Amino acid sequence: MKKIQISPSILSADFSQLGNEIKKLEDGGADMIHVDVMDGHFVPNLTIGPPVIKALKKQSSMLFDVHLMISPVHKYIEAYSEAGADIITIHPEATDDLQSSISKIKSLNKKVGVSLNPETKIDVIMNYLEQINLVLIMSVNPGFGGQKFMPEVLIKVKALKKIQEEKGLDFDIEIDGGINFDNSKIAIEAGANIL
Ligand code: ZN
């Protein structure tokens with residue numbers, strides 16, 4: 001079994017104190033930092049862009065798990081790579097050509113993540129699983145912090161875990177949104193290894 005890793009989102013941080021907040025997470029034992037990037041188009045809210053990530057990266061040795069909720073995403077992949085993203089996660093709906101966006105991330109020597117919204121089916125990524133390092137299962141609708149966890153998405157986590165075992169693949173399964181001490185247990189039981 002993979003080690004369970006914690007990737008707290010800076011969406012819930014005090015944005016006037018981001019550097020300190022990241023230090024607190026690092027001291028608290030977080031394995032990586034989840035950076036939710038929103039564009040006011042793919043999702044209703046706006047968050048942070050590459051300059052902020054670049055500044056934060058200088059202050060931390062943790063992995064930056066960058067979740068791009070931006071559309072069209074393809075032309076921005078390089079900027080987030082240069083800013084210091086270690087994992088770049090995109091949504092299939094946000095690119096015209098999922099294969100070329102995956103190839104772009106790989107060409108920059110970054111880990112490839114693909115995220116599935118609560119209503120997005122696993123079928124969308126079935127042909128790409130061999131190339132993906134991380135599948136990010138959204139357990140809330142993307143775009144806002146502080147939403148309630150949707151347990152029905154665990155069906156997808158379980159299905160992915162099964163496919164992973166059958167095909168002998170090694171991607172991480174991350175669950176994103178509304179995770180707390182209680183529901184983290186059922187997410188882990190379903191097969192998630194990053195929360
Ligand atoms: Zn996220």
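1. Leaving aside neighbours up to four places away in sequence, Met 126 is in contact with Ile 163 and Lys 167. The structure under discussion is a predicted model, and in this model Met 126 sits in the loop that runs between β4 and β5, the latter strand covering residues 134-138. Met 126 counts as partly exposed because its relative accessibility is 26%, a value that falls in between the limits of 20% for buried and 50% for exposed. Met 126 and Gly 19 are separated by 107 residues in sequence, and their C-alpha atoms are 38 Å apart in space.

2. The metal site deserves a careful look. Which residues coordinate the zinc ion? The donors are His 34 through NE2, Asp 36 through OD, His 67 through ND1 and Asp 176 through OD, at 2.0 to 2.1 Å. Along the chain these donor residues follow the spacing H-x1-D-x30-H-x108-D, and two of them, His 34 and Asp 36, are both buried.

3. Why is the arrangement around the zinc ion irregular? The four donor atoms subtend angles of 95 to 155°, and therefore the arrangement is classed as irregular; for four donors to count as tetrahedral, all angles would have to lie between 85 and 135 degrees. For orientation, the ideal angle for four tetrahedral donors at a metal is 109.5 degrees.

4. The largest pocket has a volume of about 620 Å³, and 34 residues line it, with Ser 7, Pro 8, Ser 9, Ser 12 and Asp 176 lying nearest its centre. The elements that contribute two or more residues to this lining are α1 (18-27), β1 (32-38) and β6 (172-176). By residue class, the lining of the largest pocket divides into 16 nonpolar, 13 polar and five charged residues. A student may wish to note that Asp 176 appears among the residues nearest the centre of the largest pocket and also among the residues that coordinate the zinc ion.

5. Helix α1 can be examined through one of its residues, Glu 21, whose place is in that helix. Is Glu 21 buried or exposed? Glu 21 counts as buried because its relative accessible area is 18%, and the limit for that class is under 20%. When residues within four places in sequence are set aside, Glu 21 is in contact with Ala 13 and Asp 14.

6. Two strands offer further buried residues to inspect. Ile 87 belongs to strand β3, which covers residues 87-90, and with 6% relative accessibility Ile 87 counts as buried. Beyond four places in sequence, Ile 87 touches Met 32, Phe 64, Asp 65, Val 66, Lys 111, Gly 113 and Leu 134. In the case of Leu 134, the C-alpha atoms of the pair are separated by 8.3 Å, although the two residues are 47 residues apart along the chain.

7. Met 138 lies in strand β5, and at 3% relative accessibility Met 138 counts as buried. Its contacts, not counting residues up to four places away in sequence, are His 67, His 91, Ser 115, Leu 116, Asn 117, Pro 118, Val 153 and Asp 176. Two of the residues that Met 138 touches, His 67 and Asp 176, are donor residues of the zinc ion. The C-alpha atoms of Met 138 and Glu 174 are separated by 8.5 Å, while their positions lie 36 residues apart along the chain by count of sequence separation.

8. Helix α4 spans residues 98-107 and contains Ser 101, which is buried, with a relative accessible area of 0%. Leaving out residues up to four places away in sequence, Ser 101 touches His 74, Ile 77, Ile 90 and Thr 95.

9. Two features of the backbone should be checked by eye. The peptide bond from Ser 71 to Pro 72 is cis, with omega near -5°, and Pro 72 is placed in the loop between β2 (63-69) and α3 (77-83). Pro 72 counts as partly exposed, at 44% relative accessibility, and its C-alpha atom is separated by 23 Å from that of Ile 10, which is 62 residues away along the chain. The other feature concerns Asn 109, which has a positive phi of about 60° although it is not a glycine. Asn 109 lies in the loop between α4 and β4 (111-116), and Asn 109 is exposed, with a relative accessible area of 71%.

Conventions: Residues numbered from 1 in each chain as written. Predicted model: local features only at pLDDT ≥ 70, side-chain atom pairs only at ≥ 80, totals over all residues. Heavy atoms only, no water. 1 Å grid on protein atoms, 1.4 Å probe; cavity = no way out; pocket = protein on both sides within 12 Å on 5 of 7 lines; lining within 4 Å. Points joined across faces, edges and corners; volume = space filled by probe spheres on them. Helix = DSSP H or I, 4+ residues; strand = E, 2+ residues; numbered from the N terminus. Nonpolar A, V, L, I, M, F, W, Y, C, P; charged D, E, K, R; others polar. Donors = N, O, S within 2.8 Å, 3.2 Å for Na, K, Ca; no water. Tetrahedral: all angles 85-135°; square planar, octahedral: opposite > 155°, others 65-115°. Buried < 20%, exposed > 50% of the residue type's maximum accessible area, 1.4 Å probe, protein only. Contact = heavy atoms within 4.5 Å.
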